[in-house]
Amino acid sequence: MDSVVVNLNIDEDTPEFTNKDNVGQVEILRNNRVMITLSKNGLIGFAQELLRLAHNDFTNGYHIHVDPSEKGYVSQTMGFFSMPNSAELIISCGDFGPIDSYLKE
């Protein structure tokens with residue numbers, strides 16, 4: 001398996017997906033379900049950006065919008081190109097306590 005090195009600092013040395021095959025789609029399903037489907041490079045790009053967000057920009061309430069691409073506006077945010085028929089995805093930072101504090105006995 002190939003390894004991926006994540007540079008937590010965005011700079012000129014950050015590799016790009018030259019084939020633009022880092023693609024994903026966000027779908028709103030029934031019963032309050034959301035499905036995010038990503039190509040292999042889309043998964044890698046998204047994971048890299050999530051790690052960078054946690055390392056560099058994490059502030060409670062900070063958020064990023066991932067808009068669907070359209071002709072004349074190709075959106076590559078959070079490491080992947082969002083398909084034209086995708087729902088908008090908002091990634092938000094939030095300070096939460098441990099999960100046990102939210103679960104009822």
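Start by colouring the protein chain by confidence: the mean pLDDT is 89, and 93% of the residues reach 70 or more. This is a predicted model, so keep one habit in mind: where pLDDT is low, the predicted coordinates should not be read in detail. Now pick out the two extremes among the elements. Strand β2, residues 33-38, has the highest confidence, with a mean of 97, while β4 sits at the bottom with a mean of 86.

**Whole chain**

Switch to cartoon view. You should find six strands and one helix. Walk from the N terminus and the order reads β-β-α-β-β-β-β. Hide everything except the C-alpha trace and turn it along its principal axes; the spans are about 50 × 35 × 30 Å.

Next, bring up contacts. Take the pairs with a separation of 6 or more: 56% of these contacts join residues 24 or more positions apart.

**Surface and charge**

Turn on the surface. The chain exposes about 8,000 Å², and carbon and sulfur atoms supply 53% of that. Of the 105 residues, 26% count as buried. Then select the charged side chains: there are 7 positive and 15 negative charges, and the mean positions of the two sets lie 11 Å apart.

**Stop one: Asn-41**

Select helix α1, residues 40-57, and zoom in on Asn-41 within that helix. Is Asn-41 buried or exposed? Its relative accessibility is 19%, and the cut-off for buried is under 20%, so Asn-41 counts as buried. Show what surrounds the side chain and backbone here: leaving out residues up to four places away in sequence, Asn-41 touches Phe-17, Asp-21, Asn-22 and Gly-79.

**Stop two: Met-78**

From there, move along to residues 76-77 and 80-82, which are β4 and β5; Met-78 lies in the loop between these strands. How does this loop residue fare for burial? Met-78 has a relative accessibility of 5%, so Met-78 counts as buried.

Which residues does Met-78 touch, not counting those up to four places away in sequence? Select Gly-45, Phe-46, Glu-49, Leu-50, Leu-53, Ile-64, Val-66 and Ile-91 and you have the list. Looking back at the helix range, 40-57, you can keep α1 displayed while you inspect Gly-45, Phe-46, Glu-49, Leu-50 and Leu-53, which are among the residues Met-78 touches.

Finish with a distance label. Draw it from the C-alpha of Met-78 to the C-alpha of Ile-90, 12 residues apart along the chain, and the viewer should give 10 Å.

Key. Residues numbered from 1 in each chain as written. Predicted model: local features only at pLDDT ≥ 70, side-chain atom pairs only at ≥ 80, totals over all residues. Heavy atoms only, no water. Helix = DSSP H or I, 4+ residues; strand = E, 2+ residues; numbered from the N terminus. Buried < 20%, exposed > 50% of the residue type's maximum accessible area, 1.4 Å probe, protein only. Contact = heavy atoms within 4.5 Å. Areas by Shrake-Rupley, 256 points an atom, 1.4 Å probe, with all protein chains shown as cover. Lys, Arg positive; Asp, Glu negative; His and termini not counted. Charge placed at Lys NZ, Arg CZ, Asp CG, Glu CD. pLDDT = per-residue confidence, 0-100.
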